[in-house]
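Subject: Structure handover

Hi,

Here is the structure I promised you. Please open it alongside this email, then read on for what turned up.

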Amino acid sequence: MKKLIYTLAFFATLFFSCEKALDEPAQGVVSNDDLNTPENIDKMVIAAYSALGNDHYTSPYSSMWPYGSVRGGDTYKGGDGPGDLSEFHLFETFSLNRPDNALLDQLWFRLYVGVGRANDALRRVDAMSATEYPNKVQRQGELRFLRGHFYFLLKILFKYVPFIDENMAKADYPSISNRALSNDALWTKIADDFRAAVTALPMDQNDKGRVNKNAAKAYLTKVLLYQAYTQSENNAVSGIDAAKLNEINTLCDEIIASGKFSLSTDYASNFLSASDNGPESVFAIQYSKDDGTPKGRLDYGHALNYPMNQEYGCCGFNVPSHDLINAFKTGTNGLPLFSTYNDTDAAASLDFQSSSFDPRLDHTVAKPGAPFKYKPAFVFQRSWSRAPAIYDAFASMKEAVLPDDASFQKVPPFIGSSKNWQIIRYSDVLLWKAEVLIELGRPLEAVPLINQVRNRANLSRSLLKNAAGNPTSNYNVQLYQPGVNCTWTQDFARQALRFERRLEFATEGYHFFDLVRWGIAAQTMNAYFMVEKSRVAHLADARFTAGRDEYFPIPLNQINFSSGVYKQNNGW
């Protein structure tokens, strides 16, 4: 009997204790309604911003290096060989890629997390009055900018994706097809987000990293430039929309006339943490360390891309290709060698004195025997390469920082930094304007714009010296002088513009996407493979299939999750 009483007392105590616990708010949990205050909505906006740099080294999207540099012939995958992150090897060779590539599914998911955060915050902001939430219009602009950014990446990667905004009920998501909108209509939806951001955002923001009106104009310009090159269902460029080109030209003029931007005096400044948020930065992802979190807000998108020496230790990915290195050659007239740059292989001979080069080579590529990241005593060695017999002995430098840099932090076995990563630079704006002028039949007006970028490259030599004070390579860059050192036809101007974009933004992750929007991906990549296969064995199976490989397949998992609502891309 005594035992029974004790047992009943125990269960009674347990029952009333549990009832009391259920009546109290759970610790560390916020209800949906609790989030709908101005203070908490501002935190939801910050959470949407944080998605910009929430990528992982296996599916980076702050930097698009596996998708735009490796697939564009700027770099080899790197690492320990084709089996190291083999999914990226499938990207590089095209012919071996498949819809069930797990990292494509992961990439899709992570980008839609960004869309979801923007949509969730927008729903809450939309429901508030301007009286109770004075920042309402501005925050709406920021969130539509962020959503537009994530959709832009999804669009250039996958072409056809479901467009979900804050007004759609979650219960309806399973019925929204990735073919509900045409290719052009989907571009228009993305452009509309940036148009709304242009209207809503102020010219300046107090907080670094918050987007402003000029950033929105620049991103709108970028979207319109992609949309202007109309595509058929099989991804072939079928025309160029002159009305959009004219709108782009106007937007570029407005950004230039704002007086908010200029080219950095030295090209190097764009890739040094001490110069974060400099005069050339239009839109950049902001990273941090020592910010009260365990490991800071570090750039994990480039965590694999450092050399294998003692000071770093991992992991040798994103290795500049021979083709890219040779592309920096210049002729005796100081101009690029559009069709003959690859006739001799400076990367194989390591002879950077017999020929002349654009200085941007040594801002972009780490070469054996040359200083790494502008430190004369810190000389890159072949032994720093992880698999030189497979990928040769070079390294990409733009994303890297020195081990004694204030932004550097090891996250063993990988490397992180809090250096910004720029998504849009002022040189982008200048070259966008030059491109549309050429395509509008006004090529002579593009000359001074391209020459601004070339002149800055020519002047960016002061940090490119070895321990003896001598230039790292033999430099010779001259400006285009129509009628003097070139015949400036529309075709020549187009080649000059496209070559300039490659040199200016080499290894930054967008070259492949330029090739696709220009409609020259198949011819460019297959010509690249034809030569590069003789230099590196890992490309033996590489082949680009026109009408298919311009875009990734829709991940098989996503098609399955949608119960077949999503339709596969052409050719897959």
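For the linings below, Ala, Val, Leu, Ile, Met, Phe, Trp, Tyr, Cys and Pro count as nonpolar, Asp, Glu, Lys and Arg as charged, and the others, Gly among them, as polar. Please keep in mind that this is a predicted model.

**Enclosed spaces**

Rolling a probe the size of a water molecule over the atoms shows where empty space is left. The count comes to 9 cavities of 30 Å³ or more. I describe two of them here.

The second largest cavity has a volume of about 100 Å³. It is lined by 18 residues, and G316, V319, S385, R386 and F394 are the closest to its centre. Two elements, β5 and β11 (395-396), give two or more residues each to this lining. β5 has the largest share, with 3 residues. By class, the lining of the second largest cavity has 10 nonpolar, 6 polar and 2 charged residues.

The largest cavity holds about 140 Å³ of space. Its lining has 15 residues, with K222, I423, D428, R501 and Y510 nearest the centre. The elements giving two or more residues to it are α8, β14 (421-425), α14 and α17. β14 provides the largest share, 4 residues. Which classes make up this lining? The lining of the largest cavity divides into 7 nonpolar, 1 polar and 7 charged residues.

**The open pocket**

The largest pocket has a volume of about 640 Å³. Its lining counts 21 residues. Nearest its centre lie F338, Y341, F499, I520 and T524. Look at α16 (490-504), α17 (511-518) and α18 (521-532): each supplies at least two lining residues. α18 gives the most, with 6 residues. By class, the pocket lining has 10 nonpolar, 7 polar and 4 charged residues. Note that α17 appears in the lining of the largest cavity and in that of the largest pocket.

**Helix α9**

Does the length of α9 fit its residue count, or what span should it have? Helix α9 covers residues 242-257, which is 16 residues. At 1.5 Å a residue, they should span 22 Å. The end C-alpha atoms are 22 Å apart, so the two values agree.

The buried residues of α9 are K244, L245, I248, N249, L251, C252 and I255. They cover an arc of only 170 degrees around the axis, which puts them on the same side of α9. An α-helix has 3.6 residues a turn, so residues three or four places apart point the same way. The face turned away from the buried side carries the exposed residues A243 and A257. What does the buried side of α9 pack against? Its buried residues pack against α8 (213-228), β3 (237-240) and α14 (426-439). Two of these elements, α8 and α14, also help line the largest cavity.

**Backbone points to check**

Most residues other than glycine have a negative phi, and most peptide bonds are trans. Four places in this model are worth a look on that account.

- C314 and C315 are joined by a cis peptide bond, with omega about 10 degrees. C315 lies in the loop between β4 (281-285) and β5 (317-320).
- P412 to P413 is also a cis peptide bond, with omega near 5 degrees. P413 sits in the loop between β12 (408-411) and β13 (414-417).
- L85 has a positive phi of about 50 degrees, although it is not a glycine. L85 is in the loop between β1 (75-78) and α4 (86-93). At 16% relative accessible area, L85 is buried, since the cut-off is under 20%.
- F94 has a positive phi of about 60 degrees and is not a glycine either. F94 lies in the loop between α4 and α5 (102-127). F94 counts as buried, at 3% relative accessibility.

**Around C315**

Is C315 buried or exposed? C315 is buried, with a relative accessible area of 3%. Leaving aside residues up to four places away in sequence, C315 touches G79, L304, Y306, P307, M308, R386 and F414. R386 is also among the residues closest to the centre of the second largest cavity. So is S385. The C-alpha atoms of C315 and S385 are 8.7 Å apart, with their places 70 residues apart along the chain.

Best wishes

Methods:
Residues are numbered from 1 along each chain as its sequence is written. This is a predicted model: local features need pLDDT of at least 70, side-chain atom pairs count only at pLDDT 80 or more; totals for chains, interfaces and linings use all residues. Side-chain values use heavy atoms; hydrogens and water are left out. On a 1 Å grid over the protein atoms alone, a cavity is a set of points where a 1.4 Å probe fits but cannot get out, and a pocket is an open set with protein on both sides within 12 Å along at least five of seven lines; lining residues have an atom within 4 Å of a point. Grid points are joined across faces, edges and corners, and a volume is the space filled by probe spheres set on the points. The expected span of a helix is 1.5 Å times one less than its number of residues. Buried means under 20% relative accessible area, exposed over 50%, partly exposed in between (1.4 Å probe, protein chains only). The arc is that of the directions from the helix axis to the C-beta atoms. Contact means heavy atoms within 4.5 Å.
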